[in-house]
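Subject: Structure handover

Hello,

Here is the structure you asked for, with the sequence. Please open it first and then read the notes below.

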Amino acid sequence: MKNHKLHRALMSKDITYEYLSELMSRSTSYISSRMNNKLPWSMDEAYFIMDLINEDYSKIPEYFSRTDGKEMRSYSQCSSSSIELLKVIFEAALEKLSA
């Protein structure tokens, strides 16, 4: 299934798959497989493309679909217990790094 929102955003900026492949130093088949949700984009690639289309990083879930068919959730859609768990995990990781 094609990522229509990302496709439209790229086309509105006159960014073709061929041009995007040049900008990213990737093949057009690499770009196509990701635009068709066959393979995932890396986070660095997502940030790069968000910069190209002038969109805020918080909108990444709107533009980049998961390849396993599950819906991506933004941070604001997480339950408060999930957020608290993430805080505990991050704090523990930071403590470990500081030691």
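Helix 1, helix 2 and helix 4 are among the parts that cover the buried residues of helix 3. Those buried residues are Tyr30, Ile31, Ser33, Arg34 and Met35. Please keep in mind throughout that this is a predicted model.

Helix 3 runs over residues 28-35, and Tyr30 lies in it. Is Tyr30 buried or exposed? Its relative accessible area is 18%, and the limit for a buried residue is under 20%, so Tyr30 counts as buried. Tyr30 also has a neighbour to look at in Tyr17: the two are 13 residues apart in sequence, and their C-alpha atoms are 9.6 Å apart in space. Just after helix 3 comes Asn37, which takes a positive phi of about 60°.

Now the chain as a whole. It has 6 helices and 0 strands, so read from the N terminus the order of elements is α-α-α-α-α-α. Of the 99 residues in the chain, 26% are buried. The chain exposes about 7,000 Å², and carbon and sulfur atoms supply 54% of that area. Among the contacts with a separation of 6 or more, 45% are between residues 24 or more positions apart.

Next, the inside. In soluble globular proteins, nonpolar side chains tend to be buried together. How many residues does the largest nonpolar core have here? The number is 18, and the residues with the most contacts inside this core are Leu6, Leu10, Leu20, Ile31, Trp41, Ile49 and Phe64. At least two residues of this core come from each of helix 1 (4-12), helix 2 (17-23), helix 3, helix 4 (43-52) and helix 5 (60-63). Ile31 therefore appears twice in these notes, as a buried residue of helix 3 and as one of the core residues with the most contacts.

There is nonpolar material on the outside too. Leu85, Leu86, Ile89 and Phe90 make a nonpolar surface patch of about 390 Å². Leu85 belongs to helix 6, which covers residues 80-98. Why does Leu85 count as exposed? Because its relative accessibility is 51%, and exposed means over 50%.

The structure holds 3 salt bridges. I take them one by one.

- Glu62 and Lys5: their side chains meet at 2.8 Å, N to O. This pair links distant parts of the chain, with Glu62 in helix 5 and Lys5 in helix 1, 57 residues apart. Glu62 is partly exposed at 43% relative accessibility, and Lys5 is partly exposed at 31%.
- Arg26 and Glu45: the distance between the side chains is 3.6 Å, N to O. Arg26 is in the loop between helix 2 and helix 3 and Glu45 is in helix 4, so this salt bridge ties together parts that are 19 residues apart in sequence. Arg26 is partly exposed, with a relative accessible area of 40%, whereas Glu45 is buried, with 6%.
- Glu55 and Lys59: here the side chains meet at 3.4 Å, N to O. Glu55 is partly exposed with a relative accessible area of 24%, and Lys59 is partly exposed with 31%.

The last topic is the backbone. Most residues other than glycine have a negative phi, and most peptide bonds are trans. Which loop holds Asp14? Asp14 is found in the loop between helix 1 and helix 2. Asp14 is not a glycine, yet its phi is positive, at about 60°. Asp14 counts as exposed, because its relative accessibility is 67%.

Asn54 is a further case: its phi is positive and near 60°, and this residue is also other than glycine. Asn54 sits in the loop between helix 4 and helix 5. With a relative accessible area of 64%, Asn54 is exposed. Asn37, mentioned above, has its positive phi of about 60° just after helix 3.

When you go through the model, you could start at helix 3 and its buried residues, go on to the core, and then turn to the salt bridges and the surface patch.

Regards

Definitions and conventions: Residues numbered from 1 in each chain as written. Predicted model: local features only at pLDDT ≥ 70, side-chain atom pairs only at ≥ 80, totals over all residues. Heavy atoms only, no water. Patch = residues over 30% accessible without salt bridge, like charges linked within 9 Å, V, L, I, M, F, W, Y side chains within 5 Å. Areas by Shrake-Rupley, 256 points an atom, 1.4 Å probe, with all protein chains shown as cover. Salt bridge = Lys/Arg side-chain N within 4 Å of Asp/Glu carboxyl O. Helix = DSSP H or I, 4+ residues; strand = E, 2+ residues; numbered from the N terminus. Buried < 20%, exposed > 50% of the residue type's maximum accessible area, 1.4 Å probe, protein only. Core = buried A, V, L, I, M, F, W, Y, C linked by side-chain atoms within 4.5 Å. Contact = heavy atoms within 4.5 Å.
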